[in-house]
Amino acid sequence: MKKVIMSGNEAIARGAYEAGCHIASAYPGTPSTEILENFAKYEGVYAEWAPNEKVAFEVASGAAIGGARTLTTMKHVGLNVAADPLFTMAYEGVNGGFVVVTADDPGMHSSQNEQDNRYYAPHAKVAMVEPSDSQECLDYMKEAYEISEKFDTLILFRVTTRVCHSKSAVELGERKSVAVRPYEKNTKKYIMIPAHSKPKHYEVEERLEALRQYSNITPLNRIEMGNTKIGIITSGISYQYSKEVFGDNASYLKIGMSYPLPDEMIREFATKVEILYIIEENEPYLETKIKAMGIDCIGKEIIPICDELNPDILRKAILGEVNTITYTTDVQAPSRPPVLCPGCPHRGIFYHVSKYKDIIASGDIGCYTLGMAEPLNVTDVITCMGASISAGTGIERANMVANRNDKKVFAFIGDSTFFHSGITGLINTVYNNTPIVTCILDNRITGMTGHQENPGTGKTLMGTPSPMIDIEKLVLACGIKAENIRVVDPYKLEETKQAVKEAHDSTEPFVIITKQPCALIKDVLKARAGIKCVIDQEKCKKCKTCLKTGCPALTFRDGVVSIDSSMCNGCGLCKQVCPFKAIEKVGE
Amino acid sequence: MLDSKSVLFVGVGGQGTILASKILTEGLLKSGYDVKMSEVHGMAQRGGSVTTQVRFGEKVYSPLIEKGKVDVIVSFEKSEAARYLSYLKKDGYIVVNDYEIHPVPVLIGKEKYPENVNERLTDVAHNIVVINAAEIAGNLGNIKAQNVVLLGALIKVLKLESINWEAVISSIVPPKAIEINKRAFKAGNDSKVE
């Protein structure tokens, strides 16, 4: 068969396709996003972006009940959003096979926390599988659908950043032709009222016992005997790091089905080795269970809980070896915190809000998180998707209770995040009449994860045209008064400044909508190709006002301010802030 | 086959490290090597420091490279090589793009961009290839092709010229960009490596 190189995410998509999966629904989130993007490209499947993970999970649940093989994917924190249907779908079971991918982010490359979603499996009482490279992503996905239908359970398919975004060779197979199973009304299975849920819970416990027995015989869990002085129980990417460091100088129990755990296999393996190590990233998920079985082993005593693992860490922790570092230098590379891109339409409103020192800014998850960065320094608080408006409301309520009226609360949220879980927060500000300012930064796309369509884009994941949700009308329908809404072009600084001032002075729930598509959208790049800002060095007084916009296309080197033409897209912000009219826009 | 080799691409988000490593991994796979590559998406892409790691050999397990074990560091931005120098193994090579990108902390005067980077790196690591990939690519018609110029130089350092890289490039980049990327590769591959 043909060997190709694939990322874990591409291989998961391929595995779902080969397994005959019919339907997929997801919300983008690093490191999971590319799974749906790739799945959608295959013939004969349906794939959609949903407004959030709960909706995606429920669409997939319904599709599974309807008899289709279904997939939903999300980043680790997305599963928190979808936890409600997860726990009850665990009772209902499936009709068509149902796989839920949770993509965790040890090391927090692009996340707000380092939660270990393996704990969701025992908590929700569903089976869990964990691949360790791209080939396993494909193979385990096919196996997951078989387990799902055989045992009438959804499968938690747990991957991590280094599995999702590492590439390795994959042998492809053919798509299995799977018919959508017939749907039959079965209220005892699919209506979870107490009278049905009580017997269901007993069934769930019986199912887990059957799965435990299966876990002890499935090839997903395997023993690889080498030197028996060191025994290692591991799963996921940690298996690859372990093999790299110990090779044949250790024996391995490689766990691919990590809930329920293969308890008999673990006991058997433990008797065959002298010292048993449990190697896993983040929490002691395996270790706690194995120690509770009364088995002597070493884990988090020497393997760190925080941050991702790598071969260096294992080598040092277990062998006490440190690699020789031959070269060092006193050249100090400058720090490179992520910043808003050149020409980013979010910059304009943050620039103006940054002028006010009496604002508390409640931020959200997306590119505009970077409103916190130097030199804008606007944002005060960021927690999770959709929290900007609701947390801002709470801050304002605290201000009111404490009779503090020296700070105005602004919330900042992007279009996609507003659709995700900001709308309910806005309704709450109106319902309870909390006078905060909500800034909806509408760039028509889900930006940070790399340009996924959303309900405001006008197009679906599969490329079909769809109605664009009109955010202004939506805000009006939520009950914000028409006189308290401003719609501005954030590239027009005067207009934006005026809106910010009026919002700052308002005494009722107020909304600013900034409308300008992401500067990196292909059509935008094309339309603006050749448009640049340039500095007339004779007029430039080196006052550096333009640098305060924080645009990375601007440079100040050897006493000269200039604009990198390969980065500039002519948004014109620097031109508008220049007090000496030294900046010109060319190429229009 | 030899022991596995490791290449570390370092640069600034948006410089095209991912495409360069993609061409490399495709070519290696087609030539029968086991290959693993690891990259990071998301937040770091927004002007942050980015790395892509490629490992190849008869059998590769970890996609992540250990410190002191990198055969070649390809630095898309001058100062980034310094940040990752501890990964270079004894007698390993550095291919460095003679190109500076000043991050915001430097622009607003909170930090200083280091001086004489190339000279100071050459003082400690003797196998260093400095190449003005941005200028070469710019002369060819698109500064963005600097990534493939650097790839050309890397292939020379790795002595992997027997692989048909032009065919690999043609299978990966969009049709419009094939010609310039082939020329960029050749320009990089023609650079002087000692």
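Visitor: Which residue in β5(B) does Val74(B) stand opposite?
Guide: This is a predicted model, where local features need pLDDT of at least 70 and side-chain atom pairs count only at pLDDT 80 or more, while totals for chains, interfaces and linings use all residues. Residues are numbered from 1 along each chain as its sequence is written, with chains lettered from A and ligands numbered from 1 in the order in which they are written. Strands β4 (70–75) and β5 (88–97) of chain B pair in the parallel sense over five bridges (strands are DSSP E runs of at least two residues, helices H or I runs of at least four, both numbered from the N terminus; pairing takes at least two DSSP bridges). Across from Val74(B) in β5(B) you'll find Val95(B).

Visitor: Which strands stand at the edges of the eight-stranded open sheet?
Guide: Try reading across it: β1(A)-β8(A)-β2(B)-β3(B)-β1(B)-β4(B)-β5(B)-β6(B), with mixed pairing. An edge strand has a single partner, so one side of it is left without a neighbour in the sheet, and that goes for β1 (3–7) of chain A and β6 (128–131) of chain B.

Visitor: What angle does helix α1 of chain A make with β1(A)?
Guide: Helix α1 (8–18) packs on the sheet, touching β1 and β8 (166–171) of chain A (contact puts C-beta atoms, placed from the backbone, within 7 Å). With axes fitted to C-alpha atoms, for helices over the stretch in contact, and angles running from 0 to 180 degrees between N-to-C directions, the value is about 115°.

Visitor: Which residue of β2(B) is the bridge partner of Ser166(A)?
Guide: Here the sheet crosses from chain to chain: β8(A) and β2 (34–39) of chain B run antiparallel, joined by three bridges. Ser166(A) has as its partner Ser38(B).

Visitor: How many residues of chain B are in contact with chain A?
Guide: On the chain A side, β1, β8, α11 (237–246), α14 (311–319) and β20 (554–557) are each listed with at least two residues touching chain B. Chain A brings 51 residues into contact, and the count for chain B is 53.

Visitor: Is Asn38(A) buried or exposed?
Guide: Asn38(A) lies in helix α2 (34–39) of chain A, and beyond four places in sequence it is in contact with Asn9(A), Glu10(A) and Ala13(A). Buried takes 20 or more other C-beta atoms within 10 Å, exposed 12 or fewer, partly exposed in between, with C-beta atoms placed from the backbone. Asn38(A) has 20 within that distance, so it is buried.

Notes. Contact = placed C-beta atoms within 7 Å.
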